[in-house]
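Me: Could you walk me through one part of this model up close? I'd like to hear about the salt bridges and what surrounds them.

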Amino acid sequence: MKGAAVFVRDVERSRDLEVEELASSYAYPESLTHPWTRVNFVTSVDGASSVEGRSGGLGHPADGVVFELVRDLADVVLVGAGTAVAEGYSGVSRTAERVRRRRALGRSDVPPLAVVTRGALPPDAGVLTDTEVPTVVVTCATAGRERIQAYRSAGAEVLVAGEWEVDLSWTVAEFGRRGWCHVVCEGGPGLFGRMVGNGLVDEVCLTVSPLLAGSGAGRIVSDLAEDTHRRLRLCSVVRAEDALLLRYYTQQAVRRLDEVC
């Protein structure tokens, strides 16, 4: 890993992005023995994580390509309940291209969503009821038996990961026990902050959308102590029209890669 080259590409139009080349660049490390978690976010040039409460307002065609690709490569898609509701999530869709790419990697045809909630997620949310494969609800005992049963009645698998708060370290370890070593987390900012605070993030995928959002919008990470700094290492950059597609490794990821080199 030391001195590794940075993957760099420059394309004038988003439709000219070579998805298979991107798939090679975005591939997870080989021979993982425990989960590798990448976080995928879009931000404005001035650092906003959303426009009018939704990250979709920052959307760019190139970001859409990466969003679908990193789902194709993952064993499981982790997301906070607030983001799932605000963005109108349903399950990951089954497409011929997705199935082809995933089968070539030895993955299931469609990755499940794993939604983190303390019980605020409505049991009739589309992320539970409109999905190809059962959603995994990761919650804690404080959600209550009635709410947990409602999730199961909606077709979800429920993991109770803690008493008062969701234990994210236990959750990621459980993914590993299931053989889900390729994890993508789609936020939101609170979940990202807690993942970073618990040392559970290996990689950050960030699309910088060519937009100034102005004041009022939050950042892509919250619930993280101000003195908690994490230095990152750039591993790839793609310019697609006026957007930038960036990938960074955390220092723990760099150490993991150095150990296997």
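Reply: A search of the whole structure, which is a predicted model, turns up 19 salt bridges. The general idea is simple: side chains of opposite charge can pair when their charged atoms come close.

Let's start with Glu186 and Arg71, whose side chains form a salt bridge with an N to O distance of 2.8 Å. Glu186 sits in the loop between strand 7 (182-185) and helix 8 (189-197), while Arg71 belongs to helix 2 (residues 61-73), so this pair ties together parts that are 115 residues apart in sequence. Are these two buried or exposed? Both Glu186 and Arg71 are buried.

Next up is Asp109, which makes a salt bridge with Arg94; their closest N and O atoms are 3.1 Å apart. Here both partners are in loops: Asp109 in the one between helix 4 (96-104) and strand 4 (113-116), and Arg94 in the one between helix 3 (81-86) and helix 4, so the parts tied together are 15 residues apart in sequence. The two partners fall into separate classes when you look at how covered they are. Asp109 has 19% relative accessibility, so it counts as buried, with the cut-off for buried being under 20%. Arg94 has 41%, so it counts as partly exposed.

Now look inside helix 4 itself. Glu97 and Arg101 both lie there, 4 residues apart, which is about one turn of the helix. Their side chains meet in a salt bridge, 3.1 Å from N to O. Glu97 counts as partly exposed because its relative accessibility is 37%, whereas Arg101, at 6%, counts as buried. And this pair has company: salt bridges that share partners join Glu20, Glu68, Asp72, Glu97, Arg98, Arg100 and Arg101 into one network.

Let's visit two members of that network, beginning with Glu20. You'll find Glu20 in helix 1 (residues 19-25), and at 44% relative accessibility it counts as partly exposed. Leaving out residues up to four places away in sequence, Glu20 touches Glu97, Arg100 and Arg101. With Arg100 there is also a polar contact between the side chains, at 2.9 Å. Another way to place Glu20 is through the backbone: its C-alpha atom is 9.4 Å from that of Leu69, although the two residues are 49 residues apart along the chain.

The other member to visit is Asp72, which lies in helix 2. Asp72 has a relative accessible area of just 4%, so it is buried. Again setting aside residues up to four places away in sequence, Asp72 touches Arg98, Arg101 and Arg102. Put the two contact lists side by side and you'll see Arg101 in each: Glu20 touches Arg101, and Asp72 touches Arg101.

Helix 2 is a good stepping stone to the nonpolar side of the story. The largest nonpolar core has 45 residues, and those with the most contacts inside it are Leu17, Tyr26, Leu121 and Val127. Helix 2 gives the largest share of this core, 5 residues. Apart from that core lies another one, of 30 residues, with Val116, Cys185, Ile220 and Val237 among them. If you zoom in on Val127, its contacts beyond four places in sequence are Ala84, Tyr89, Ser90, Leu113, Val115, Leu121 and Thr135.

Leu121 gives us a link to one more residue, Thr117. A polar atom of the Thr117 side chain lies 3.2 Å from the backbone nitrogen of Leu121. The backbone nitrogen of Gly119 is 2.9 Å from a polar atom of that side chain too. Thr117 is found in the loop between strand 4 and helix 5 (126-129), and it counts as buried because its relative accessibility is 3%. Beyond its neighbours within four places in sequence, Thr117 is in contact with Ala81, Val137, Val138, Thr139, Cys140, Tyr151 and Val166.

To finish, hop to the outside. Val6, Val8 and Leu234 make a nonpolar surface patch of about 210 Å². Val8 has its place in strand 1 (residues 7-11), and it counts as partly exposed because its relative accessibility is 47%.

How values were computed: Residues numbered from 1 in each chain as written. Predicted model: local features only at pLDDT ≥ 70, side-chain atom pairs only at ≥ 80, totals over all residues. Heavy atoms only, no water. Patch = residues over 30% accessible without salt bridge, like charges linked within 9 Å, V, L, I, M, F, W, Y side chains within 5 Å. Areas by Shrake-Rupley, 256 points an atom, 1.4 Å probe, with all protein chains shown as cover. Salt bridge = Lys/Arg side-chain N within 4 Å of Asp/Glu carboxyl O. Helix = DSSP H or I, 4+ residues; strand = E, 2+ residues; numbered from the N terminus. Buried < 20%, exposed > 50% of the residue type's maximum accessible area, 1.4 Å probe, protein only. Contact = heavy atoms within 4.5 Å. Polar contact = N/O pair within 3.5 Å; in protein donor to acceptor, adjacent residues only side chain to side chain. Core = buried A, V, L, I, M, F, W, Y, C linked by side-chain atoms within 4.5 Å.
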